[in-house]
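Dear colleague,

I am passing on the structure we talked about, with the sequence alongside. Please open it first, and then read the notes below with it in view.

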Amino acid sequence: MLDLTELSRHTLSATSKGVPQSLDGVTIEDAPKRRLNLLRDEFPAPVAVIRESALRTNIDLMRQYTLSAGVRLAPHGKTTMSPQLFDMQLAAGAWGITCATGAHLRVYRRFGVPRIIMANQLLDADSVRFVAQELAADGGFEFFGIVDSVAGARQYHDVLSKLPHGRALNLLLEVGAAGGRTGVRTVDDALLVAREVAGMRDSLRLAGIEAFEGIFPGSPQEAEVTVEAFMKQVSDVARRCDAEQLFGNDTIVLSAGGSAYFDQVVKALGSLRLSRPTNVILRSGCYITHDHGTYAAALHRLRERSTETIFAEKSFEPALELWTTVQSLPEPGLAIVALGKRDVSFDMGLPVPLKRHQPGSTAPLDLRGKAEIVRLNDHHGYLKFTGLDLAVKDRIAFGISHPCTTFDRWEYLYRVDDRYDIVSIVRTFF
């Protein structure tokens, strides 16, 4: 799939967080041959790991779901920014990969991602030129950009009109919600933008409609009602654009779906019938590692409201863990651990203590319900506990809430088997 030769030959450095001196100067390809184990005294703290069994379970479950629902998946790569994990997702049938920034776009193409949805409007000429150059150089490359304004459409057109004539740029019209982020707010505004794009067929194609439904406040029940209404608005825009024959390709792309409400997106967009075939594309990203917080709760709600039997029988599994040590026991019932805001997400919930491993023991012990992180500094966590005989240098494993803001704190993460042997190393590009 992707060309990962560069990564396999990449040399590790002990100056990077989580990399032990024993791996300094060792390539990613050769590192597993050192037969290191996370539970032995071989790694500095903290260390980020991905449990291999859970990772593969999650990728396969999303593959099964999209096949059964008759939709496709372009997972949002910003979650991990790891070409190695993109490669696994593409090998499991992902239609493409979604990106958020011009820098992401360049990383994706550096490793050969063949189909990209750009989930933000490209407004710098340099990035638009880059896309045009990639389309010209690689006939197998497909790109779908975003547009939500007449000014944005003209920006694309103005840049492309100065370049040698090539393939038209596919654009998805973004529909947004009042008080939300980007995207047109009304059907009338949507039609103005769609007509502008349709009038520039020499350089642009209106390829479909795009939205993001995962931004609504309120309780889960309130958000679900709002998402349902929002998806009706998205469907209305698609119908009106179709009625005016504004779409420029044989198949109409309909794309939405984060990792919390993707079943509602499938229900709404999967039932939409237009004059041309539709291709419903989900962009869920966090499913790949899931979590112990935000997305665990979202999956619980999805299972309650969904009639999909696959989620009644199977579940995503938290794959991402942060392992660290007890640094100090300064007061009764308080441990200071080497894990802070520079290491772990805290925007949607604090880390969750999962396991404890004492030096010399054979396996970790379950810690859930016996301890709680109550505060984080840059490099320290405040762990309150009762009924435990914690000791300095004990290793503690933490689960996280919101994978996106944990991955971006790590250049390297270790994929581990169920014994915590290192089986491979993931590199990120944030």
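Directly after helix α2 comes Gly70, a residue whose phi is positive, near 75°. Please keep in mind throughout that this is a predicted model.

Helix α2 itself covers residues 52-69, which makes 18 residues, and from its first C-alpha to its last it reaches 26 Å, close to the 26 Å expected at 1.5 Å a residue. Its buried residues are Glu52, Ala54, Leu55, Asn58, Ile59, Leu61, Met62, Tyr65 and Thr66. When you look at how they are placed, it may help to recall that an α-helix has 3.6 residues a turn, so residues three or four places apart point the same way.

The next element to find is strand β6, residues 169-175, which is largely enclosed by the rest of the structure because seven of its seven residues are buried. In a regular strand the side chains alternate between the two faces of the sheet. For β6 both faces are covered, with Leu169, Leu171, Leu173 and Val175 buried on one side, and Asn170, Leu172 and Glu174 buried on the other.

Which strands pair with β6? One is β5 (residues 142-147), which is joined to β6 in the parallel sense over four bridges, and here Val147 stands opposite Leu173. Another is β7 (residues 204-211), which also pairs with β6 in the parallel sense, over seven bridges, and in this pairing Leu169 of β6 has Leu204 opposite it. Helices link these strands as well: β5, helix α6 (residues 150-161) and β6 form a right-handed β-α-β unit, and β6, helix α7 (residues 187-198) and β7 form a right-handed β-α-β unit too.

Further along the chain, strand β16 (residues 395-399) is likewise mostly covered, five of its five residues being buried. Arg395, Ala397 and Gly399 point one way from β16, while Ile396 and Phe398 point the other way, and all of them are buried.

The pairings of β16 run in the antiparallel sense, with four bridges joining it to strand β10 (residues 320-331) and five bridges joining it to strand β12 (residues 352-357). If you would like a residue to start from, I suggest Phe398, since it can be followed into both pairings: Leu322 stands opposite Phe398, and the bridge partner of Pro353 in β16 is Phe398.

With best wishes

Notes: Residues numbered from 1 in each chain as written. Predicted model: local features only at pLDDT ≥ 70, side-chain atom pairs only at ≥ 80, totals over all residues. Heavy atoms only, no water. Helix = DSSP H or I, 4+ residues; strand = E, 2+ residues; numbered from the N terminus. Expected span 1.5 Å × (residues − 1). Buried < 20%, exposed > 50% of the residue type's maximum accessible area, 1.4 Å probe, protein only. Pairing = 2+ DSSP bridges. Right-handed = clockwise from strand over helix to strand, strands pointing away.
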